[in-house]
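Biologist: I would like to go through this structure term by term. Please give the reasoning behind each label.

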Amino acid sequence: MLLFSRPRGSSLFCPIVLVATIFSRPVAADELARWLPADTPLIVELARPAALQPLLENWNLLPILRDLPQVRSALENPDLGNVRLAVEAVAASLNTTPLALADELAGAGATLAVEGPQKYVLVVRPNRPDRLQPALDAALKLVRQELAKQNLPDSYVTQEHQGVSITSFAQTGALAIVDHQLLVTNSLDRLKALLDLRANPPAESLAGDARFAKLKGSLADNAAAWFYARLDKVRAFNASPEAAKPGDETGGRLLLGRWLDLVQKGETLGGQLIVQADSLELKALMSVPADVQNGPLEVFRPHTVGASLPIQIPQTLLSATLWRDFSAMWEVREQFLGPEALKGLAQLDSFAGQFFGGRDFGTGVLGSLGDQWRIVIAHQDYDAQKPAPGTRYPGVALIIPVDPEDEEFGVRLQSAFQTFIGLANLGAAQSKSPPLMLGSEQVEGVTMFRGTFVPPKNAVKDEPADDRFNLSPSGALVGNAFVLASSADVARTVIRSLKNPSPTQAEPTDQTKAEAIPTLRIAASGPEIAKLVAINKETLVSRNVLEKGNSRQAAAGEIELLEKLLAIVKTAHAEILDAPDEVRLNFHLDRANAPTK
Amino acid sequence: MRSVRRREDAVAAWAPYAPSPEQPWNLARVAHLHRRAGFQAPWSVLERDLAEGPEAAIDRLIHGEPTALDGQPAAQFERTMDLLSAESAASGSLSRLQSAWIYRMILTPNPLRERMTRFWHGHFATSNTKVNNLKLIHRQSALFRSHGMGDFRELLSEVGRDPAMLIFLDSPTNRKAHPNENYAREVMELFSLGRGNYSEQDVKEAARAFTGRFVQGDRFREVAAQHDGEIKQILGKEGVLNGETVVGILVDQPACARFLAHKLYRLFISEFDDPDPALLEPVASNLRAANYRIQTTVEMILRSRLFHDNASQGRKLRSPVELAVGTVRALEILDPCPSPETLAAACTRMGEALYAPPNVAGWPGGTEWINTASSLERANLLLGLLSKSDDKLGRRLNPEALAKRYSFANPGDTRNFYTQLLVEGPFQDGLRSAVERQAQPDSQEDDRVRFDISLILTAPEYQLT
């Protein structure tokens with residue numbers, strides 16, 4: 001038997017934890033936080049393993065996970081096979097099954113603290129503390145038998161420290177049963193130090209850290225798991241001078257605003273996972289560094305009215321609303337953009353003037369825009385597309401907020417759209433590409449301008465039409481919004497929706513007194529995205545073949561797996577809320593085929 | 001120059017090869033046949049063709065195998081690949097269209113057809129860089145595939161009406177009042193006769209004959225009003241000549257068969273020799289006698305003594321596509337195969353961007369394939385295929401398992417197996433000794449085999465074919 005061909009104390013227990021967490025009952029515990037320093041880089045706790053059960057039962061994730069290539073390859077790993085054999089052997093020696101043993105030994109949860117690269121502390125909480133010592137003895141006995149069989153030295157040493165029996169194994173770690181829990185580290189010295197701290201708790205610890213305490217205080221009763229990270233410490237793991245240098249990130253900066261600084265400079269990040277029969281929720285909270293608070297990047301944070309609910313039109317795949325006051329940003333651009341970016345914006349300033357009748361870009365153009373920027377990605381009427389493109393792309397509509405009092409600006413936007421089509425045709429003429437024919441139509445009393453490609457008269461049989469036939473760029477001014485869309489069909493639907501708003505599209509209210517105001521809201525539909533995948537399945541299979549070299553059968557398998565994953569989700573919602581000193585991310589998934597409430 | 005003193009020598013050179021004690025049908029000849037007439041072949045194919053003899057092996061190359069390397073019946077495979085290429089062209093992505101062809105070449109049941117398609121792509125070189133329309137490029141490639149082994153007269157005629165070619169050589173500006181000589185010049189110099197076999201006046205007159213050929217809505221269209229219907233005189237023929245009659249005049253020139261014979265000699269025999277015209281005459285005669293049916297002449301070459309002569313082995317440099325596709329086929333890295341997109345990108349970096357030849361003369365080939373940068377790219381590609389961490393190219397080959405499948409189990413056996421599989425021929429013994437000298441016996445078996453293969457693949461000898 002190849003089992004235990006080399007000492008692997010730590011790897012022996014990890015699968016037990018994993019398996020055990022699936023079938024267990026909740027027991028809260030955070031003793032470890034009292035022994036760890038306040039700047040511990042990362043701590044993750046599986047607080048209620050049983051709470052993950054709906055993922056298997058209601059969400060039916062197991063068969064999908066099994067089909068994932070990465071999981072398949074991991075399951076075929078011989079090391080994992082050895083560990084499985086070890087678990088079976090220990091369970092058999094205790095007259096139980098591996099799953100039952102896992103529940104007994106780790107069913108009350110586990111906490112992992114990462115203190116540095118390759119430095120960790122793991123606490124595993126059993127449902128049956130009385131079974132810990134016998135299981136440990138049985139495992140060690142097996143290991144020693146195997147080592148003897150292979151004429152290898154017994155590198156497992158047992159010693160006492162602070163009244164606790166510690167078992168250490170050469171180079172790979174140490175473990176001990178402490179307060180009816182299993183404590184595992186990858187260093188004997190660290191385990192001894194933790195036992196010293198247990199005997200003489202330090203004055204300052206992670207448990208006493210205000211931000212950590214805030215996270216713990218915010219945990220929902222039904223949170224299955226939570227984590228807390230000191231991002232400054234985590235970043236230091238992979239610190240390199242190149243990574244520290246800020247790049248020219250104009251696009252990212254204008255879109256992401258101060259969130260970009262949070263990724264680069266934020267100090268703490270905490271979050272919790274809540275799993276229910278029909279929904280899954282992730283809530284995260286990130287602290288804003290002091291130098292970002294009250295600085296020029298404050299212009300990226302809404303102070304009164306935040307992002308409205310995303311617009312929903314029929315067959316929407318994804319819809320988002322972003323709050324951005326570009327005019328205010330323009331005023332302070334020199335304080336947060338580099339010289340290269342500013343040079344580019346100066347060029348944009350003079351170039352954009354040509355499209356908007358010589359208006360000043362900052363005040364005349366950006367100043368005439370509102371702060372609710374909405375984007376909708378929705379299916380087109382694919383059946384109506386003539387000719388039918390080889391790949392069907394959904395339409396994208398950007399709904400640009402316009403100052404209703406600046407009537408002339410709306411006209412300028414319509415004119416700019418037509419100029420753009422003309423310029424595109426000039427470029428097309430130079431590159432021998434087909435032109436867009438400009439036309440207009442009335443939709444709900446609104447004049448919509450659109451460009452369309454002329455279908456070829458003598459298409460070759462069996463030759464799919466170009467993907468460009470997905471495009472029919474359109475623009476229309478609807479009240480205080482300018483709709484700019486890649487597809488006339490989607491533009492029409494958006495215009496109708498804006499002319500006849502549903503109650504959920506009500507304007508956002510003043511949230512000045514709210515703790516945090518939403519800056520970005522996203523809603524996505526699993527079935528609609530799945531429909532897009534299904535429509536383009538053959539194309540996706542072909543692309544998979546050419547990108548990965550898979551056979552068509554294997555490629556089809558990967559696309560079907562994607563369809564299965566999408567089929568689980570009914571809707572996904574995400575929102576980012578900004579407060580002066582923190583940013584919150586809420587992510588919510590609703591399960592498909594859940595019973596109607 | 002490979003000189004031939006007597007006409008009898010040339011006739012003897014192209015006489016059918018028959019195995020003899022001096023020139024046996026051995027593994028080196030089987031491997032040579034597949035390297036030149038297809039790409040490389042898997043070991044099972046080499047063994048089968050060794051057992052069944054040259055006639056059967058060449059027949060299979062001419063007519064194709066019944067199944068592709070992915071197990072699909074040949075006809076079904078071709079349909080699937082046609083669809084894949086059409087989809088890729090419609091997407092507007094050149095890299096996707098390139099990779100669709102690479103993928104087809106790797107798995108094809110008809111490697112000779114793909115080789116001929118690639119040959120005509122280089123002969124009638126047309127670049128999407130100027131055409132800027134992948135559908136037209138794809139249609140042209142399909143034309144080379146369907147006509148590549150057929151009647152050259154018909155192929156030349158079709159090329160003269162091919163929208164991609166017309167755009168590439170400025171035919172839409174070739175009008176009655178202002179003839180553009182681009183196509184007329186290249187059809188004589190590069191497509192049919194070669195320099196020195198026509199006059200400047202012939203080019204001017206031919207340009208008039210080709211006037212009025214346009215591309216409208218991606219289709220060929222003749223506009224009578226823009227065609228010069230007056231009398232012309234081309235290569236001694238006079239009359240109201242148009243594009244079609246010019247094709248007939250060109251193909252009827254004695255120089256046309258000689259020109260094509262030289263190109264086929266470079267394709268199948270050697271690109272390092274400048275053959276004596278007398279040596280090529282039997283090939284040219286065969287072309288004329290066969291009414292320019294290319295398959296007849298290709299068969300004659302592949303069955304000839306000269307083709308199977310020891311001296312013909314290793315007389316060509318592998319092009320980047322031959323290197324990539326051949327290595328993947330020989331090592332049977334097929335399910336999954338290395339990422340076709342990554343292979344196509346590597347070929348582009350090595351100097352062979354499919355559908356984008358450097359100019360109308362195509363790729364010069366031969367030693368032009370090798371320079372400092374391309375040598376490095378070649379090594380990177382081949383080592384990528386052996387890599388255990390490269391997601392795009394590596395992590396697919398199990399060299400121990402492949403050798404064991406063919407009953408080569410111990411270290412000496414596997415080294416023999418891979419030397420025979422990859423370089424069977426004149427360099428085999430020297431290269432095997434070199435590999436043995438550098439062997440790493442203390443490594444784990446898998447690493448040892450990979451190291452051996454890496455020595456073979458990166459050896460200068462492996463670049464030859």
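Modeller: Contact means that heavy atoms lie within 4.5 Å of each other. By that rule, 27 residues of chain B are in contact with 23 residues of chain A. Keep in mind that this is a predicted model.

Biologist: What is the area buried between chain B and chain A, and how much of it do carbon and sulfur atoms give?

Modeller: The buried area is about 2000 Å², and carbon and sulfur atoms give 49% of it.

Biologist: What makes the pair A:D466 and B:K135 a salt bridge?

Modeller: The closest N and O atoms of A:D466 and B:K135 are 3.4 Å apart. The cut-off is 4 Å between a side-chain nitrogen of Lys or Arg and a carboxyl oxygen of Asp or Glu, so the pair qualifies. Across the interface of chain B and chain A the rule finds two salt bridges. Between these chains there are also eleven residue pairs in polar contact, with both residues at pLDDT 80 or more.

Biologist: Which elements of chain B give two or more residues to the side that touches chain A?

Modeller: They are α5 (74-91), α6 (94-107), α9 (134-147) and α20 (340-349) of chain B. The largest share, seven residues, comes from α5(B). By class, this side of chain B has ten nonpolar, seven polar and ten charged residues.

Biologist: How many salt bridges does a search of the whole structure find?

Modeller: The search finds 75 over all chains. Some are linked: B:E78, B:D82, B:R104, B:R113, B:E114 and B:R145 belong to a network of salt bridges.

Biologist: Why is A:K149 called exposed?

Modeller: Its relative accessibility is 59%. Exposed means over 50%, so the label fits A:K149. A:K149 forms a salt bridge with A:E146, with the closest N and O atoms 3.9 Å apart. That value is within 4 Å, so the pair counts. Both residues lie in helix α8 (residues 132-149) of chain A, three residues apart, about one turn of the helix.

Biologist: Is A:E146 buried or exposed?

Modeller: A:E146 has a relative accessible area of 3%. Buried means under 20%, so A:E146 is buried.

Biologist: What joins A:R359 and A:E408?

Modeller: Their side chains meet in a salt bridge, at 2.5 Å from N to O. The pair links distant parts of the chain, 49 residues apart. A:R359 is in the loop between α17 (339-355) and α18 (361-365) of chain A, and A:E408 is in helix α19 (residues 407-430) of chain A.

Biologist: Why is A:E408 called partly exposed?

Modeller: A:E408 has a relative accessible area of 36%. Partly exposed lies between 20% and 50%, so the label holds for A:E408. A:R359, at 17%, is under 20% and therefore buried.

Biologist: Why is strand β6 (residues 173-178) of chain A said to be largely enclosed by the rest of the structure?

Modeller: Five of its six residues are buried, so the description follows.

Biologist: How do you know that strand β5 (residues 164-169) of chain A pairs with β6(A)?

Modeller: Four bridges join them, and the strands run antiparallel. Pairing needs at least two bridges, so β5(A) and β6(A) qualify. In β6(A), A:A176 is the bridge partner of A:I166. On β7(A), the bridge partner of A:A176 is A:L183.

Biologist: What do β6(A) and β7(A) form?

Modeller: They form a hairpin with two residues between them, and A:D179 in the turn has a positive phi of about 50°.

Terms used
Residues numbered from 1 in each chain as written. Chains lettered and ligands numbered in written order. Predicted model: local features only at pLDDT ≥ 70, side-chain atom pairs only at ≥ 80, totals over all residues. Heavy atoms only, no water. Buried area = accessible area lost by both parts, 1.4 Å probe. Polar contact = N/O pair within 3.5 Å; in protein donor to acceptor, adjacent residues only side chain to side chain. Nonpolar A, V, L, I, M, F, W, Y, C, P; charged D, E, K, R; others polar. Buried < 20%, exposed > 50% of the residue type's maximum accessible area, 1.4 Å probe, protein only.
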